[in-house]
Amino acid sequence: MRVPFLVLAPVSVFLGYATSLVSALRIQYLDLFLVLLGALLAHVSVNLFNEYHDFRRGLDVDANSKTKRTQFSVNSGALLENPDAAEAVHYGAIASLFVTTLIGTYFIVSQGLLIAPLGVIGVLIILSYAPRLIQHPVLCLVAPGVGFGPLIVIGTHVVLTGEYSVQAAIASLIPFFLVNNLLLLNQYPDIAADRRIGRQHFPIVYGERKGIMLYGNTIMATCGIIVLGIVSGIFPELSIVCLFPVGFAVMIFFGIARHGISLFRLLPYLGMNVGVTLVTTVFLGMSIIYG
């Protein structure tokens, strides 16, 4: 399930909850709990599907291969140690997605079709990410950000308020950019193993240096969204605090560009990148609530 990574879903739900507080007269906290549960199970499902499909393709990132697994690797390697569990993992992925779909269906029945488009897109991403999207460098790049950005943030807002929101849509761009960057850098240690099983993500297709430049451009876009949000009044002035953790992403970019992407030099930046993603999103949510 990649439990340490599951914190991403609650953080995105928190941002959607924050924008909801601005426009909702009252929050139904049972609905908030169901949204959180659905987001967590959706994340669990896509992780389990990814583990299963990588195992079936023959991914060989382990202690005995040329490519060493890190705590940031997209695949955990658990099935390499327990191959008999493959079908259980597959069924777990299906069960998690089924419960997520039940929760989405409940909201459609109780609140109408407003949430349906987001739910359908989410299910399609979960089902197609490991077997299909991973073969397309651009779709593979943006799918994680779409899931943890617009789908979860806007979806949370719609469920809690019954309407779409410009603020929620703009706010969702922050986790969209940051999560895309998170997955982008996490792909670097596993490039050799991913290439062997036919993955076609951005660093493999367009090159490692172009991936680093894309990381830098995405950070600039994140800063631009924060500043424009404040200037336009969509975000409160307090949201300027979000630029502080994003500043560490600038350090990551220059560090990687200067020192290269050898595994030894890359690992500290990967950890810092996780912190940037989580802290920036939480800071934005808190600034919306208190600003």
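The following questions and answers go through the cysteines, helices, cores and largest pocket of a predicted model.

Residues are numbered from 1 along each chain as its sequence is written. In this predicted model local features need pLDDT of at least 70, side-chain atom pairs count only at pLDDT 80 or more, and totals for chains, interfaces and linings use all residues, while side-chain values use heavy atoms and leave out hydrogens and water.

Student: How many disulfides are there?

Tutor: A disulfide is taken as a pair of cysteine sulfur atoms within 2.5 Å. For Cys 223, the nearest cysteine sulfur belongs to Cys 242 and is 10 Å away, so by this definition Cys 223 is in no disulfide. The count of disulfides is 0.

Student: Is Cys 140 buried or exposed?

Tutor: Buried means under 20% relative accessible area, exposed over 50%, and partly exposed in between, with a 1.4 Å probe and protein chains only. The relative accessible area of Cys 140 is 2%. Cys 140 is therefore buried.

Student: What span should helix 5 have?

Tutor: Helices are DSSP runs of H or I with at least four residues, numbered from the N terminus. The expected span is 1.5 Å times one less than the number of residues. Helix 5 has 13 residues, and its end C-alpha atoms are 18 Å apart, which agrees with the expected span of 18 Å.

Student: Which helices are included in what covers the buried residues of helix 5?

Tutor: The buried residues in helix 5 are Ala 116, Leu 118, Gly 122, Ile 125 and Ile 126. Contact means heavy atoms within 4.5 Å. The cover includes helix 2, helix 4 and helix 6.

Student: Which element gives the largest share of the largest nonpolar core?

Tutor: A nonpolar core is a set of buried Ala, Val, Leu, Ile, Met, Phe, Trp, Tyr and Cys residues joined through side-chain atoms within 4.5 Å. The largest has 45 residues, and Ile 126 and Tyr 129 are among those with the most contacts inside it. Elements giving two or more residues to this core include helix 1, helix 5 and helix 6. The largest share, 10 residues, comes from helix 2.

Student: Which residues lie nearest the centre of the largest pocket?

Tutor: On a 1 Å grid over the protein atoms alone, a pocket is an open set of points where a 1.4 Å probe fits, with protein on both sides within 12 Å along at least five of seven lines; lining residues have an atom within 4 Å of a point. The largest pocket is lined by 45 residues. Those nearest its centre are Ala 42, Gly 122, Ile 126, Gly 147 and Ile 152.
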